[in-house]
Amino acid sequence: MEHHPDIMEMRARYEQAASTPRAQGLEALGLVTGLYLALSPWITGFNGLTTLTVCNLVTGIAYALLMCGFGHAYERTHGMAWGAALIGVWTIISPWVVSGNVDITKTIVNNVVTGAVALLLALASGVLAGGRRSSGRAGSMRHRPAHPETRV
């Protein structure tokens with residue numbers, strides 16, 4: 001199964017997608033966004049709000065690891081872009097969801113802006129993989145007729 005032509009073609013396509021400047025830029029921006037999210041309680045000064053501080057620290061580290069995984073093992077991790085998108089959505093709504101009185105102006109602005117950036121980067125990573133798959137430019141996984149003259 002390792003040497004099946006479709007699997008080899010898929011691996012080559014994902015390797016090509018991961019080596020583009022666009023994919024590398026998304027990976028770098030995702031890493032910076034995740035690190036900022038993890039450090040944002042100390043950067044913006046709401047580290048006294050422990051529940052949101054811990055939430056941002058954990059989700060920021062998870063987001064950075066997910067986005068870095070795309071560049072290192074794209075063929076196995078591009079599907080996790082939707083998990084990174086969920087982290088972005090969680091970041092947006094977390095000031096209102098986590099326990100305690102943490103929905104103050106600087107936490108809301110920080111999390112909404114950072115969550116929106118995280119969500120957009122994750123969606124762009126998912127679209128990058130999906131666009132390569134459905135465009136047919138690098139080969140399509142759909143059934144191809146045996147002969148070019150044959151029409152389906």
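Which helix holds leucine 35? Leucine 35 is found in helix 2, and this report on a predicted model starts from that helix after a short account of the chain as a whole.

## Overall make-up

The protein chain contains six helices and zero strands, so that its pattern, read along the sequence, is α-α-α-α-α-α. Of the 152 residues in the chain, 38% are buried. The accessible surface of the protein chain comes to about 8800 Å², and carbon and sulfur atoms account for 67% of that area. When contacts between residues at least 6 apart in sequence are considered, 68% of them join residues at least 24 apart.

## Helix 2 and its kink

Helix 2 spans residues 21-44, and its buried residues are Ala23, Leu26, Glu27, Gly30, Thr33, Gly34, Leu37, Ala38, Ser40 and Pro41. One of these, alanine 38, is the site of a kink of about 50 degrees, which lies shortly before proline 41. Just after the helix, glycine 45 takes a positive phi of about 90 degrees.

Two leucines of helix 2 have intermediate exposure. Leucine 35 counts as partly exposed because its relative accessible area is 44%, a value between the 20% and 50% limits of that class. Leucine 39, whose place is also in helix 2, is partly exposed at 46% relative accessibility. Leaving aside its neighbours within four places in sequence, leucine 35 is in contact with Gly60 and Ala64. Leucine 35 and tyrosine 63 are 28 residues apart in sequence, while their C-alpha atoms are 8.3 Å apart in space.

## Nonpolar cores

The largest nonpolar core has nine residues, namely Leu26, Tyr63, Met67, Ala84, Ala85, Ile87, Ala118, Leu121 and Ala122. At least two residues of this core are supplied by each of helix 3 (50-72), helix 5 (81-97) and helix 6 (105-135). Apart from this core lies another, of five residues, among them Phe46, Leu52, Cys55 and Val98.

Leucine 121, a member of the largest core, illustrates how residues distant in sequence are brought into contact: once its neighbours within four places in sequence are left aside, leucine 121 is in contact with Leu26, Leu29, Gly30, Thr33, Tyr63 and Met67. Of these partners, Leu26, Tyr63 and Met67 also belong to the largest core, whereas Gly30 and Thr33 are listed among the buried residues of helix 2.

## A buried threonine in helix 5

Threonine 91 is found in helix 5 and counts as buried because its relative accessibility is 1%, which falls under the 20% limit. Leaving aside its neighbours within four places in sequence, threonine 91 is in contact with Leu37, Thr59, Asn111 and Gly115. Among these partners, Leu37 is itself one of the buried residues of helix 2.

## The nonpolar surface patch

On the surface, a nonpolar patch of about 780 Å² is made by Leu39, Trp42, Ile43, Val54, Leu57, Val58, Ile61 and Leu65. The elements that give two or more residues to this patch are helix 2 and helix 3, and helix 3 gives the most, with five residues. Leucine 39, partly exposed at 46% relative accessibility, is one of the residues that make the patch. Helix 3 therefore has a part in two of the features described here, since helix 3 supplies at least two residues to the largest nonpolar core and five residues to the nonpolar patch.

Key. Residues numbered from 1 in each chain as written. Predicted model: local features only at pLDDT ≥ 70, side-chain atom pairs only at ≥ 80, totals over all residues. Heavy atoms only, no water. Core = buried A, V, L, I, M, F, W, Y, C linked by side-chain atoms within 4.5 Å. Buried < 20%, exposed > 50% of the residue type's maximum accessible area, 1.4 Å probe, protein only. Helix = DSSP H or I, 4+ residues; strand = E, 2+ residues; numbered from the N terminus. Contact = heavy atoms within 4.5 Å. Patch = residues over 30% accessible without salt bridge, like charges linked within 9 Å, V, L, I, M, F, W, Y side chains within 5 Å. Areas by Shrake-Rupley, 256 points an atom, 1.4 Å probe, with all protein chains shown as cover. Salt bridge = Lys/Arg side-chain N within 4 Å of Asp/Glu carboxyl O. Bend = angle between axes of the 7 residues up to and from the residue.
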